[in-house]
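Thanks for asking me to look this over with you. Have the sequence and the model open side by side, and let's walk through it together.

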Amino acid sequence: QVQLVESGGGLVQPGGSLRLSCAASGSIASINAMGWYRQVPGQQRDLVAAATSDGSTSYADSVKGRFTISRDNTKNTVHLQMSSLKPEDTAVYYCAGGGMLGVRGNEADYWGRGTQVTVSS
C-alpha cells in the first residue's frame, strides 16, 4: 500500500507561484496515473492535472498554461508547479494515484491528506 504525503501549500498573493510536492512511501513506477485534485468546501473535487506512466500529461482548462505537473518515478515524487495564481485557485489540493484518474477521482486507489493553497492579497 502506497501512502502519499503532500507539501508545499500556503498563502500566496495573486499572480504568485507555488510548488506542491507529493512524496510516496513506495514505488510509483507501477501506478499508471498520478495527479492532483482540488476541492473547495461545499463543492465537488476536481481533477487539476494528471501524468501517466507513458509521459502524457493532461490539465483542467482552468489551469492550462499556468500549472505544470511532473512525476519522477526514481524519486517516487510528483510535483505541481503553479504560477500566475488566482484567488479562484484557492482550495485544498490532493495528490492521487491509480490506474486511471477521472474528473472526480472516484477511480483513484491512493490519496494524500491534502495541502491548503490560499491565494489572497
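The numbered points below go through the disulfide, the nonpolar cores, one strand and its hairpin, and the salt bridges.

1. A word before we start: this is a predicted model. Please keep that in mind as you read each point.

2. Let's begin with the disulfide. A search of the whole structure finds one, formed by Cys22 and Cys95, whose sulfur atoms are 2.1 Å apart. The two cysteines come from distant parts of the chain, 73 residues apart: Cys22 belongs to strand β3 (residues 18-24) and Cys95 to strand β9 (residues 91-98). In general, a disulfide is a covalent bond between the sulfur atoms of two cysteines.

3. Which hand does this disulfide have? The torsion about the S-S bond of Cys22 and Cys95 is about -80°, so the disulfide is left-handed. Are its cysteines buried or exposed? Cys22 is buried, at a relative accessible area of 2%, and Cys95 is buried too, at 0%.

4. Next, look at the inside. The largest nonpolar core has 27 residues, and Leu4, Trp36, Phe67, Leu80, Met82 and Tyr93 have the most contacts inside it. At least two residues of this core come from each of β3, β4 (33-39), β5 (46-52), β7 (67-72), β8, β9 and β11 (115-119). The strand that gives the most is β3, with four residues. There is also a second, separate core of seven residues, including Ala33, Leu47, Ala50 and Leu101.

5. Leu4 deserves a click in your viewer. Leaving out residues up to four places away in sequence, Leu4 touches a list of residues that includes both disulfide cysteines, Cys22 and Cys95, along with Met34, Tyr110 and Trp111.

6. Strand β7 shows a neat alternation. Phe67, Ile69 and Arg71 point to one face and are buried, whereas Thr68, Ser70 and Asp72 point to the other face and are not. Strands β7 and β8 run antiparallel and are joined by six bridges; Arg71, for instance, has Val78 in β8 as its bridge partner. Between the two strands of this hairpin there are four residues, and Asn76 takes a positive phi near 55°.

7. Now for the charged side chains. How many salt bridges does a search of the whole structure find? The search finds four. One of them pairs Asp89 with Arg38, at 2.9 Å from N to O. Asp89 lies in the loop between β8 and β9 and Arg38 in strand β4, so this pair ties together parts 51 residues apart in sequence.

8. Asp89 also forms a salt bridge with Arg66, where the closest N and O atoms are 2.7 Å apart. Arg66 sits in the loop between β6 (57-59) and β7, so this second pair ties Asp89 to a part 23 residues away in sequence. Through shared partners, salt bridges join Arg38, Arg66 and Asp89 into one network.

9. Where do these charged residues stand on burial? Asp89 counts as buried, at 0% relative accessibility. Arg38 counts as buried at 14%, and Arg66 is buried with a relative accessible area of 11%. Beyond its immediate sequence neighbours (those within four places), Asp89 also has contacts that include Phe67, Ser84, Val117 and Val119.

10. Finally, compare another salt bridge. The side chains of Lys64 and Asp61 meet at 3.1 Å, N to O. Here Asp61 counts as exposed, at 67% relative accessibility, whereas Asp89 is buried.

How values were computed: Residues are numbered from 1 along each chain as its sequence is written. This is a predicted model: local features need pLDDT of at least 70, side-chain atom pairs count only at pLDDT 80 or more; totals for chains, interfaces and linings use all residues. Side-chain values use heavy atoms; hydrogens and water are left out. A disulfide is a pair of cysteine sulfur atoms within 2.5 Å. Buried means under 20% relative accessible area, exposed over 50%, partly exposed in between (1.4 Å probe, protein chains only). Contact means heavy atoms within 4.5 Å. A nonpolar core is a set of buried Ala, Val, Leu, Ile, Met, Phe, Trp, Tyr and Cys residues joined through side-chain atoms within 4.5 Å. Two strands pair if DSSP finds at least two bridges between them.
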